[in-house]
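Here are a few exercises to work through with the model open in your viewer. Try each one before reading the solution.

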Amino acid sequence: MRPLYVALDFPTFQEASLFLEKNNLKGVHVKVGMELFYREGMQAIERLKDNGYSIFLDLKLHDIPNTVKSAMRNLASVGVDLVNIHAAGGSKMIAAAREGLEIGRNKKEPRPLLLAVTQLTSTDENMLKNELGIAWNLEETVRNYAVLSEKAGADGVVCSVHEVAMIKEACGKSFYTCTPGIRFEGDQIGDQTRVATPAYANEQGSDAIVMGRSITRANNPKQQYDKALGEWNNG
Ligand SMILES: O=C(O)c1cc(=O)[nH]c(=O)n1[C@@H]1O[C@H](COP(=O)(O)O)[C@@H](O)[C@H]1O
């Protein structure tokens with residue numbers, strides 16, 4: 001079954017684990033991002049792993065190749081499912097990230113998959129053109145970054161659901177697509193712009209979805225999680 005990663009965007013490990021326990025979400029797939037990691041560090045990852053969680057470690061590395069390689073070597077040892085970088089770091093940085101992962105991986109476990117963020121799901125056409133100064137349109141930018149990432153050794157990308165089919169066509173069916181920006185019909189979209197429902201992600205063939213606030217900030221998170229899982233698995 002393809003995973004639904006719940007984004008544990010909480011300020012402390014205590015709040016994150018209380019959330020999982022209180023809502024009977026023990027053992028689900030989770031994503032740890034900057035908010036939690038910058039406070040709790042690798043200990044949080046190790047504790048989640050000890051408790052049987054599958055983890056997407058979302059730190060979106062973007063630096064010179066040598067620094068990214070060394071950082072990835074350290075991150076790899078803990079044995080998470082997925083790690084990510086920004087494709088905008090370029091092909092040398094992406095290749096260095098892959099090298100770091102190969103060197104640092106725990107040989108008893110599968111190597112974490114390396115995903116490159118194409119364009120954040122909060123970015124829209126206007127921002128791309130008028131703030132980032134990118135001449136391609138959004139679709140072309142995402143496609144070009146995906147192709148660049150694939151050639152440089154990434155296992156897949158983070159993108160919006162709307163770009164999955166195009167990326168699979170350009171990079172091959174097995175190139176992994178992880179899609180955040182997931183909302184239920186009628187939800188507040190907040191700071192996201194390229195959003196889609198879990199059902200549409202299923203229809204478009206995403207390999208994994210990431211869902212945060214529509215579950216974590218809901219009145220009944222467990223009910224929303226079950227609803228998302230139902231849509232995601234059955235369309
Ligand atoms: O790499 C990511 O996880 C990511 C990439 C992206 O383009 N957009 C995006 O929203 N994310 C992450 O996915 C989560 C989405 O959270 P919600 O908008 O609350 O569902 C956040 O933790 C983001 O950091």
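**Exercise 1.** Which elements do the buried residues of helix 4 pack against?

Solution. This is a predicted model, and the protein chain averages a pLDDT of 97. Start by picking out the buried residues of helix 4: Met93, Ile94, Ala96, Ala97, Arg98, Gly100 and Leu101. Now follow their contacts: they pack against strand 3, helix 3 (65-76), strand 4 (82-86), strand 5 (113-117) and helix 6 (138-152).

**Exercise 2.** Check the span of helix 4 (residues 91-104) against 1.5 Å a residue.

Solution. Helix 4 has 14 residues, and the expected span is 1.5 Å times one less than that number. That gives 20 Å, and the end C-alpha atoms sit 20 Å apart, so the two agree.

**Exercise 3.** Is Lys60 buried or exposed?

Solution. First, place Lys60: it belongs to strand 3, and UniProt's unreviewed entry lists Lys60 as "active site", along with Asp58 and Asp63. Next, count neighbours: Lys60 has 16 other C-beta atoms within 10 Å. Buried takes 20 or more and exposed 12 or fewer, so Lys60 is partly exposed. Leaving out residues up to four places away in sequence, Lys60 touches Asn84, Ile85, His86 and Val117.

**Exercise 4.** Describe what surrounds the ligand.

Solution. Count the shell: 20 residues, the closest being Leu120, Thr121, Pro180, Gly212 and Arg213. Strand 3 (54-61), strand 8 (208-211) and helix 9 (213-216) each give two or more residues. Sorted by type, the shell holds eight nonpolar, seven polar and five charged residues. For confidence, note the ipTM of 0.99 and pTM of 0.98.

Notes: Residues numbered from 1 in each chain as written. Predicted model: local features only at pLDDT ≥ 70, side-chain atom pairs only at ≥ 80, totals over all residues. Near = placed C-beta within 6 Å. Helix = DSSP H or I, 4+ residues; strand = E, 2+ residues; numbered from the N terminus. Nonpolar A, V, L, I, M, F, W, Y, C, P; charged D, E, K, R; others polar. Contact = placed C-beta atoms within 7 Å. pLDDT = per-residue confidence, 0-100. UniProt positions renumbered as here; feature names shortened; annotations may be inferred.
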